[in-house]
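User: I am new to reading protein models, and I would like to learn how to look at charged pairs and at a single helix. Could you take me through them step by step?

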Amino acid sequence: MVRGGHTHASASSLNESIMQHFLLPNPGPVALQPPAFVKLEVNDEVNISDVSQALQKCCNNSAPGPDQVPYGVCKGIHNVNRHVILKLMNHLLSWSIYPLSLKDSLGILLPKPAKGDYNAFVSYRVIALMQTFLKIAERIINQRLIKFVKLNGLYSVWQTGSLLQRVTFDAGIILRHWVQEAQAASLKCSTMFLDIKGGFDNVDHFTLLRRLQTRDVPGYIVKWISNFISCRQCAIIFPGSPREMKGINTGIPQGLSLSPILFVIYVEPLHTCIGPSRQFISSYIDDIQITVSSNCW
């Protein structure tokens, strides 16, 4: 079997190459153990409405993670007794718990559209299928973090992805405005488009957590996210894969509702790297455009 430009004698060898390509070890400091469980003050506890809204956004047909528990089971429990999941969620938040037993995930290799060579790793992306119950919890955390991010400006005003009321259309309008503004001033305008290669897979945990802490994100949310991203394990799934769980000490899982907003916070400093005037930078998650205007090409 040939993948990534190399011939592999076995599925285990291919699995190792895939892990090394998509989930590179973190060269910086990273916690080898999850943060100690310490009960923190949660001013705004989870209520029944929070759980109901999180479950409502969960599709019964979504592929489950290693636990193989479909969302319909959790919805059934919530319909019978609305306090079961509610109490568990409040304990998870107040103790910032993300149990190790629920950290295993399945990494699904999805082909990117319109790629010429599907023997190359760059033609695929890895989507993480997490344990069902913890996906409900991260949806609740995601809603709280988005509200805090909006109120406290943890993202650039020129970021148009993974934020409330900011969509792909906004990215196009921003670029069009800058170009027309330059043309109105009789300036020449050029734009360069960039993509952060393996953006989600290469997020540095230490940098992300430090950014959250220095921007006064509530302690229980920072602690929960620290547990959420540390000491994870993943098994890559492909035809004939050995399904071996491997430890991950870098990146954030792609395919979850919480991951995009964490990435937006992580790359916020990129938008401040603007030089002289007449330079503009905007992005849609990990797709970036830099526009420059001047008197000559």
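Analyst: We will go through the salt bridges and then helix α7, keeping in mind that this is a predicted model.

User: How many salt bridges are there, by the usual distance rule?

Analyst: The general idea is that side chains of opposite charge can pair when their charged atoms come close. In this model the count comes to three salt bridges. One of them joins Lys-246 and Glu-16, with N to O at 3.6 Å, and this pair links distant parts of the chain, since Lys-246 sits in strand β7 and Glu-16 in helix α1, 230 residues apart.

User: Which residues are linked in a network of salt bridges?

Analyst: The network consists of Glu-16, Glu-244 and Lys-246, and within it the closest N and O atoms of Lys-246 and Glu-244 are 3.8 Å apart.

User: Where do Arg-144 and Asp-50 lie?

Analyst: Arg-144 forms a salt bridge with Asp-50, at 3.6 Å between the closest N and O atoms. Arg-144 belongs to helix α5 and Asp-50 to helix α2, so the pair ties together parts that are 94 residues apart in sequence. Arg-144 counts as buried, at 12% relative accessibility, whereas Asp-50, at 22%, counts as partly exposed.

User: Which residues of helix α7 are buried?

Analyst: In general, an α-helix has 3.6 residues a turn, so residues three or four places apart point the same way. In α7 the buried residues are His-205, Thr-207, Leu-208, Leu-209, Arg-211 and Leu-212, and what covers them includes α8 and α9. At the N-terminal end, Asp-204 caps α7 through a side-chain oxygen that lies 3.3 Å from the backbone nitrogen of Phe-206.

Definitions and conventions:
Residues are numbered from 1 along each chain as its sequence is written. This is a predicted model: local features need pLDDT of at least 70, side-chain atom pairs count only at pLDDT 80 or more; totals for chains, interfaces and linings use all residues. Side-chain values use heavy atoms; hydrogens and water are left out. Buried means under 20% relative accessible area, exposed over 50%, partly exposed in between (1.4 Å probe, protein chains only). Helices (H or I, at least four residues) and strands (E, at least two) are DSSP runs, numbered from the N terminus. Contact means heavy atoms within 4.5 Å. A polar contact is a pair of N or O atoms within 3.5 Å; within protein, one must be able to donate a hydrogen and the other to accept it, and residues adjacent in sequence count only if both atoms are side-chain atoms. A salt bridge is a side-chain nitrogen of Lys or Arg within 4 Å of a carboxyl oxygen of Asp or Glu.
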